[in-house]
Amino acid sequence: MLDRLQPHTDLIRDLTRHLARTGGGAVLHIVRYFNDTDQAQPGAVDAPNLFGWHLDRNVLDFLSATGAELDIDEYDMAGAEDAR
């Protein structure tokens, strides 16, 4: 996704600055669900490592240049019987 957005960084930055002056802005939302056994995971490995993630320098530079916030939500979908 970043490859498609980066060529437009200046325009996006100008837009987010305008939005910030009028009470808005830009946010990168990241949502992860753990123990979501109701959803099939096509192509998922048998035992994925669900801990940790990484934003490389290009992503951080883009977020900084555009003045975007980073909002991360993580949800444990384990039922009460799985929490023991």
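Below is a working chat about the predicted model shown above.

Reader: What should I know about the model before I start?

Author: It's a predicted model, so local features need pLDDT of at least 70 and side-chain atom pairs count only at pLDDT 80 or more, while totals for chains, interfaces and linings use all residues. Residues are numbered from 1 along each chain as its sequence is written, and side-chain values use heavy atoms, with hydrogens and water left out.

Reader: What's the average pLDDT of the chain?

Author: The chain averages 80, and 75% of the residues score at least 70. pLDDT is the predictor's confidence in each residue, from 0 to 100. Where pLDDT is low, the predicted coordinates should not be read in detail.

Reader: Which element has the lowest mean pLDDT, and which the highest?

Author: β1 has the lowest, at 81, and α3 the highest, at 93.

Reader: OK, the fold. How many helices and strands are there?

Author: Three helices and two strands, in the order α-α-β-α-β along the sequence. Helices (H or I, at least four residues) and strands (E, at least two) are DSSP runs, numbered from the N terminus.

Reader: How much of the chain is buried?

Author: Of the 84 residues, 11% count as buried. Buried means under 20% relative accessible area, exposed over 50%, and partly exposed in between, with a 1.4 Å probe and protein chains only.

Reader: And the contacts, what's their range in sequence?

Author: Taking contacts between residues at least 6 apart in sequence, 77% join residues at least 24 apart. A contact means heavy atoms within 4.5 Å.

Reader: Where do I see that around the first helix?

Author: Try Leu5, which sits in helix α1 (residues 2–5). Leaving out residues up to four places away in sequence, Leu5 touches Ile12 and Phe62. Leu5 and Phe62 are 57 residues apart in sequence, with their C-alpha atoms 8.8 Å apart.

Reader: Is Leu5 buried or partly exposed?

Author: Partly exposed, because its relative accessibility is 30%. Asp3, also placed in helix α1, is exposed at 67%. The C-alpha atoms of Asp3 and Asn58 are 9.6 Å apart, with their positions 55 residues apart along the chain.

Reader: What does Thr9 touch?

Author: Phe62, Ala65 and Thr66, again not counting residues up to four places away in sequence. Thr9 is in helix α2 and counts as buried because its relative accessible area is 15%.

Reader: Since you mention α2, how far does that helix reach?

Author: It has 13 residues and reaches 18 Å from first C-alpha to last, close to the 18 Å expected at 1.5 Å a residue. That expected span is 1.5 Å times one less than the number of residues. Following α2 is Gly23, with a positive phi near 95°.

Reader: Switching to charges. How many salt bridges are there?

Author: Four, where a salt bridge is a side-chain nitrogen of Lys or Arg within 4 Å of a carboxyl oxygen of Asp or Glu. Side chains of opposite charge can pair when their charged atoms come close.

Reader: Which one links distant parts of the chain?

Author: Arg32 with Glu74, whose closest N and O atoms are 2.9 Å apart. The pair links Arg32 in strand β1 to Glu74 in strand β2 (residues 69–76), 42 residues apart. Glu74 is partly exposed, with a relative accessible area of 43%.

Reader: And within the helices?

Author: In helix α2 (residues 9–21), Arg13 and Asp10 are three residues apart, about one turn of the helix. Their closest N and O atoms are 3.0 Å apart, and Asp10 is partly exposed at 48% relative accessibility. Asp10, Arg13 and Asp14 are linked in a network of salt bridges.

Reader: What about α3?

Author: There Asp61 and Arg57 meet in a salt bridge at 3.1 Å, N to O. Both lie in helix α3 (residues 57–66), four residues apart, about one turn of the helix. Asp61 is partly exposed at 38%, whereas Arg57 is exposed at 54%.

Reader: Last topic, the surface. Which residues form the nonpolar patch?

Author: Val31, Tyr33, Tyr75 and Met77, with about 390 Å² of accessible area together. Patches are made of residues with over 30% relative accessible area and no salt bridge, joining like charges within 9 Å and nonpolar side chains (Val, Leu, Ile, Met, Phe, Trp, Tyr) within 5 Å. Tyr33 lies in strand β1 (residues 27–34) and is partly exposed at 48%.

Reader: And how much area does the chain expose?

Author: About 7,000 Å², with carbon and sulfur atoms supplying 51% of it. Accessible areas come from the Shrake-Rupley method with a 1.4 Å probe, and for residues, only the protein chains shown count as cover.
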